[in-house]
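Q: Please take a close look at one part of this structure, the region around one strand pairing, and then work outwards from it to whatever surrounds it. I would like one connected account rather than a list.

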2 protein chains.
Amino acid sequence: MTTKYEALAKDIEALIASGTLAIGDRLPSVRDTVAARGLSPATVFEAYYLLEARGLVEARPRAGYFVKAVPAPREEPRSATPHQGSRPVAIHDVAQAVLGPVRNRQVAPLGSAFPAPELFPLDRLARGMGAAMRRLDPRQLLEDLTPGNAELRRQIALRGVAQGVSTGVDEVVVTSGAMEALTLALQAVTQPGDVVAIESPAFYGCLLTLERLQLKAVEVATHPRTGVQLDSLAEVLRRHPVKACWFMPNFQNPLGALMPEDAKREMVALLARHGVPLIEDDVYAELYFGAQRPLPAKAWDREGGVMHCSSFSKSLAPGYRVGWVSAGRFAPQVNRLKFMSTLGVSVPSQLAVLHFLQHGAFDKHLRQLRAALAARQQRALLAIEKHFPDGTRVTRPEGGYFLWVELPDAVDAMALQQAALARHISVAPGSLFSADKRFRHHLRLNVGHPRLEQLDAALKTLGRLVG
Amino acid sequence: MTTKYEALAKDIEALIASGTLAIGDRLPSVRDTVAARGLSPATVFEAYYLLEARGLVEARPRAGYFVKAVPAPREEPRSATPHQGSRPVAIHDVAQAVLGPVRNRQVAPLGSAFPAPELFPLDRLARGMGAAMRRLDPRQLLEDLTPGNAELRRQIALRGVAQGVSTGVDEVVVTSGAMEALTLALQAVTQPGDVVAIESPAFYGCLLTLERLQLKAVEVATHPRTGVQLDSLAEVLRRHPVKACWFMPNFQNPLGALMPEDAKREMVALLARHGVPLIEDDVYAELYFGAQRPLPAKAWDREGGVMHCSSFSKSLAPGYRVGWVSAGRFAPQVNRLKFMSTLGVSVPSQLAVLHFLQHGAFDKHLRQLRAALAARQQRALLAIEKHFPDGTRVTRPEGGYFLWVELPDAVDAMALQQAALARHISVAPGSLFSADKRFRHHLRLNVGHPRLEQLDAALKTLGRLVG
C-alpha cells in the first residue's frame with residue numbers, strides 16, 4: 001500500500017519526469033501544498049525528504065526545495081573496470097576521423113565538445129574587449145604576456161579563494177585555454193615514457209596529450225555518478241610508478257560524474273602520501289545545476305601538489321582561448337615551460353574576460369547558462385526514455401552538458417556513429433575515451449550544443465538506429 | 001688625388017653619416033645634381049655607382065637612387081666559428097635572469113625582443129576587431145579553431161604567392177605567434193635527443209625551444225652580413241645526424257644578417273640533397289629598409305621540405321599572438337600536433353588581423369614602420385660611433401631593429417649588463433645566443449623599442465660603461 005507521502009512524492013516525480021517541473025525550479029512551499037492537498041505538514045515534509053534521498057531535489061536554507069535532477073527510469077551505466085596494465089596511447093587518428101565532421105553546419109553536433117556558442121554573451125564580450133583595447137596603454141601589450149595580465153590573475157585567484165582554494169596570485173599562469181594549462185602541468189612533472197593515471201573512461205583530450213608527450217596511461221576505475229574509485233586508485237599507485245594523475249573530479253568528461261567531497265579529500269591525502277601530483281581538469285565546475293559550485297580537489301591541497309587547470313572557454317568566452325593553471329608548488333616549472341613555448345596569451349582575449357569579470361556580469365550570465373543546460377539535459381533524458389530501446393543505460397549528471405549512454409552490448413558504437421553521420425548527426429563513440437578503445441557500445445552525447453528542436457529529432461533518429 | 005666623382009660620393013656619404021639623409025630618402029636626381037654642382041651627368045652617375053657598390057644606396061627602376069644603409073665607420077663584427085660538437089642546451093636560467101627586468105617601465109629596453117608598441121596601429125586594430133566580432137556568426141568561434149580562420153589562411157597564402165612562394169592554403173596553420181609555429185615545426189620532425197643545426201649566434205628563443213624539447217644543438221658558422229656560411233653547413237651535415245635546421249635567412253636575430261638570394265637557393269638545394277627539413281624563422285622579413293621584401297628560402301623549395309614560420313607580432317599586432325606556419329609536406333604532422341596542443345588561436349585576435357589585411361591598411365602601415373625603424377637604426381649607429389670606444393664593431397643590418405655589437409675582447413658583457421641595469425638600461429648579452437655561452441663580449445641592442453631620446457642617452461651611458 002502506498003502511503004500519503006509516497007503518493008505525493010510520486011506525483012512530484014512525474015511532474016519532473018515530464019518536464020513540467022524543470023531542474024532549478026522551486027517546489028511548491030510546504031504551506032501551499034498543505035493548503036492545496038489537504039495534507040499535514042509532516043506528510044509534505046516526508047515526501048520532500050524522500051525526493052531528496054532519491055537525489056531529485058535539494059533543500060536550500062531559507063529558500064525551500066529545488067529540483068536538482070530528473071528521475072531515472074533508465075538505470076545508470078555500469079562501473080568501468082579497466083585493464084590493469086599501463087600502455088602507450090594512440091588515439092589521434094580515430095579522434096580526428098570522428099571529430100572532424102562535427103564542424104559541418106549541416107550536422108547536429110551531439111559529438112561536439114562545446115556548448116552552443118549562442119548561449120554566451122558574445123556581444124557584451126566584444127564590446128568590453130573593444131573598450132578595454134581602446135584605452136590600453138600600449139606597453140601592456142608586452143607586459144601582459146607570460147604569466148599573464150596581473151589583474152586577471154588576481155581575479156582568478158580571488159574566485160579560487162571564494163571556492164575554498166587559497167591560491168596565491170603568484171601561482172596563477174594564464175594559458176591558451178585549459179588544454180595548454182593541462183599540457184604544461186603534465187610536462188612540468190613527467191618525462192617521455194612515464195606512467196600517468198587517468199580515469200576510465202577519460203576525456204580524449206587527455207589521451208591525445210599523453211600520446212603527444214609519449215606518456216603511458218594506466219586507467220583507474222570509476223563510478224558513473226561519483227567518479228574515481230579510491231580503492232582502484234590505491235591499487236594503481238601500489239602497482240605502477242605513477243608520475244602524475246590527470247582527473248576531473250567535477251562533472252567528468254564523458255561521465256559527468258561528481259566526486260563527493262569526502263572522496264576528494266581522501267584522494268588528495270592519498271596522493272600526497274604517495275608524493276604524486278594531481279592535475280585537476282576543472283573546466284565544467286561552474287556549470288552545476290545544484291545550489292553551489294562543487295569544490296575543486298585543490299580545496300583540500302595543503303602541500304601544493306594539486307595543479308588546478310581551468311578556462312573560460314566553457315563558461316564565458318568560447319574561442320577566446322583564455323585558461324589558467326594554479327600550479328601550486330610546480331608554478332616555477334610551469335612558468336618556465338610557458339615562457340619556452342607560446343610566450344603569452346592574446347592580450348585582447350585576456351582583457352575581454354577581465355572586463356567582464358570586473359563589471360560583475362559573470363555570475364548573472366552563469367545562472368542563465370546553467371538553467372539553459374539543465375533544461376536541455378532534462379529534455380534529452382525524456383527523449384532518450386521515449387526513443388531508445390530497453391537495456392539502454394544513461395547518466396544524469398548534476399552539471400555540464402554531456403550524457404554518457406551505455407547501449408545494449410550488441411551495439412557497435414563506431415558503426416552507429418557512421419550511420420548517424422549519414423543522417424547528419426554527430427556523436428562521440430565510446431572508443432574515443434580509453435587508451436585501449438574499450439566502451440565499444442557507449443556514446444557521449446552533447447546536449448548543450450544542438451538547437452532544442454534539433455536535439456529532439458536527433459535523439460529520435462539515434463534511438464531508431466540503435467534498434 | 002680624389003677624382004670629382006669620389007669627392008661627390010664622399011659628400012653624400014657624410015650627409016648619410018650625419019643623419020641629414022635618412023635611410024629610405026631619395027638622393028637628389030642626377031639632373032638636379034648636375035645643375036647644382038656644375039658636374040657632368042657621367043660624373044654624378046659614377047658617384048652614385050660607387051655609393052651603390054659600397055652598399056649605401058640602391059637604384060630603384062624609374063624612381064632614382066635611395067639611401068639603404070649608413071656608412072660604417074666601425075668595422076663589422078668578426079665571423080663566428082663555433083665549436084664542432086653537438087650539445088644539449090641549458091640557457092633558460094640566464095635568459096630568465098636577463099630578460100625579466102626588460103619589462104620594468106623604468107628601464108630603457110635595449111634588451112627587449114620587441115619593437116615599441118607605439119609604432120603599431122593599435123587603435124585601428126582594436127576598432128576593426130570590435131567590428132568583426134560584433135557581426136560574427138557565433139558558430140565561427142568554434143570553426144575558426146585549428147587550423148585557423150579560412151579567410152585569414154587564404155590571405156597569408158596570397159601574401160606568400162606575392163613573395164614567390166607557392167603556398168597552398170591547405171599547408172597554412174595559424175598559431176599562437178611564431179614561437180608556437182616554430183615549436184610545432186620542430187616537433188613534427190624530431191624526437192628528444194636528436195641533433196638540430198642552428199646559427200651561431202642563434203636567437204635565444206630557438207635555444208630555449210631546443211632545451212624544452214630536449215634536442216641537441218650543433219652550431220653553423222655565420223657571416224655577420226650574409227648569415228649562414230654554406231661550407232660550414234655542408235661540413236655540419238657531413239659530420240652530424242642532423243634532423244632539422246632552424247635558420248633565419250632574413251634579418252637574423254641577433255645579427256640582422258641577410259642571406260643573398262644565391263645562398264638561399266644553394267642552401268635549400270643542399271638540404272634537399274641531405275633530406276634535412278628547414279625550419280625558416282621569417283618574422284622580420286617585412287621590416288626591410290630597401291626597395292623589396294627579401295624572399296624567404298621557401299621561395300626555392302620544390303619538395304615541401306621548408307617549413308616557413310612567421311607572425312604578425314613584429315609587423316602589425318604585438319600581443320595579439322597570431323602567427324602561422326606554411327608547413328610544406330609536414331602540414332599533416334603539424335596540424336596533428338596543433339590539434340593535440342593548444343587546440344586553436346584566439347578568434348578575436350585572428351579576426352583583428354584579418355580585418356586589417358582585408359581593408360588594405362597593412363602595406364601603408366608597414367611603410368611607416370620601416371621608415372621609423374630605419375631612422376632609429378641610423379640614430380643608434382651615430383650614437384655608437386660617437387660614444388663607444390675604439391675596437392667596437394657593429395652590424396648595420398638592412399632591416400629589422402637589432403644591432404649586434406662586438407666589444408673589445410676584454411669587456412665582459414654579463415658584467416656590463418648588470419652595470420647597465422643598475423643605470424636602468426637593459427641589454428641582451430651575447431651569452432644568450434649560443435648553446436655554449438660564447439659571445440662573451442657581445443651585445444644585442446634593440447634600437448626599435450626605446451623612445452628616441454631614451455635611445456641616445458642610453459647609448460651614451462652604455463658607451464661610458466664599456467670604457
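**From one bridge to the sheet and beyond**

A: In this predicted model, B:Phe247 has B:Glu280 of S11(B) as its bridge partner. That pair belongs to the junction between strand S10 (residues 242–247) and strand S11 (residues 278–281) of chain B, two strands that run parallel and are joined by three bridges. Strands of a sheet pair through backbone hydrogen bonds, in either a parallel or an antiparallel manner.

The junction is part of an open sheet of eight strands in chain B, whose order is S3-S7-S6-S10-S11-S12-S13-S5 and whose pairing is mixed. At its edges stand strand S3 (86–88) and strand S5 (172–175) of chain B, and because each has a single partner strand, one side of each is left without a neighbour in the sheet. From one strand to the next, the twist averages 25°. Helix H12 (residues 331–339) of chain B lies across S5, strand S12 (306–311) and strand S13 (323–326) of that chain, and it runs at about 25° to S5(B).

Two loops of chain B that involve strands of this sheet carry backbone features worth a look. In the loop between strand S6 (195–199) and helix H9 (204–212) of chain B lies B:Pro201, and the peptide bond that joins B:Ser200 to B:Pro201 is cis, with omega about 0°. In the loop between H9 and strand S7 (216–220) of chain B is B:Gln214, which has a positive phi of about 55° although it is not a glycine; with a relative accessible area of 38%, B:Gln214 is partly exposed.

The cis pair leads on to another loop, since both B:Ser200 and B:Pro201 are among the residues that B:Phe439 touches, along with B:Ala80, B:Trp404, B:Gly430, B:Ser431, B:Phe433 and B:Ser434, when residues up to four places away in sequence are not counted. B:Phe439 sits in the loop between strand S17 (428–429) and strand S18 (442–446) of chain B, and its relative accessible area of 9% makes it buried. The C-alpha atoms of B:Phe439 and B:Glu406 are 8.2 Å apart, while the two residues are 33 apart in sequence. Its contact B:Trp404 is found in strand S15 (residues 402–406) of chain B and, at 2% relative accessibility, also counts as buried. From B:Trp404 to B:Phe330, which is 74 residues away along the chain, the C-alpha separation is 34 Å.

Chain A offers a parallel reading. Its open sheet likewise has eight strands in the order S3-S7-S6-S10-S11-S12-S13-S5, with mixed pairing. At one edge, S3(A) is joined by two bridges to strand S7 (residues 216–220) of chain A, and these two strands run antiparallel; within the pairing, A:Pro88 stands opposite A:Lys216. H8(A) lies across S5, strand S6 (195–199), strand S10 (242–247), strand S11 (278–281), strand S12 (306–311) and strand S13 (323–326) of chain A, at about 160° to S12(A). Of the 13 residues of this helix (177–189), 12 are buried, so H8(A) is largely enclosed by the rest of the structure; among the buried ones are A:Met179, A:Glu180, A:Leu182 and A:Val189. In chain A, too, the peptide bond from A:Ser200 to A:Pro201 is cis, with omega near 0°. A:Phe439 has a positive phi of about 60° although it is not a glycine, and at 10% relative accessibility it counts as buried.

How the two chains are related completes the picture. A turn of 180° with a shift of 0.0 Å along the axis lays chain A on chain B with an RMSD of 0.0 Å, which is the relation of a two-fold axis. In chain A, the C-alpha nearest that axis belongs to A:Gly130, 2.7 Å from it. Helix H5 (residues 122–134) of chain A packs against helix H5 (residues 122–134) of chain B at an angle of about 175°, with the axes 9 Å apart, so H5(A) is roughly antiparallel to H5(B). The residues of this contact divide into six nonpolar, six charged and no polar. For the interface as a whole, 100% of the interface residues of chain A are also interface residues in chain B, so the copies meet through the same surface.

Definitions and conventions
Residues are numbered from 1 along each chain as its sequence is written. Chains are lettered from A and ligands numbered from 1 in the order in which they are written. This is a predicted model: local features need pLDDT of at least 70, side-chain atom pairs count only at pLDDT 80 or more; totals for chains, interfaces and linings use all residues. Side-chain values use heavy atoms; hydrogens and water are left out. Axes are lines fitted to C-alpha atoms, for helices over the stretch in contact, and angles run from 0 to 180 degrees between N-to-C directions. Helices (H or I, at least four residues) and strands (E, at least two) are DSSP runs, numbered from the N terminus. Angles under 35 degrees count as roughly parallel, over 145 as roughly antiparallel, 65 to 115 as roughly perpendicular and the rest as oblique. Ala, Val, Leu, Ile, Met, Phe, Trp, Tyr, Cys and Pro count as nonpolar, Asp, Glu, Lys and Arg as charged, and the others, Gly among them, as polar. Buried means under 20% relative accessible area, exposed over 50%, partly exposed in between (1.4 Å probe, protein chains only). Two strands pair if DSSP finds at least two bridges between them. Contact means heavy atoms within 4.5 Å. Copies are superposed by least squares on the C-alpha atoms of residues with pLDDT of at least 70 in both.
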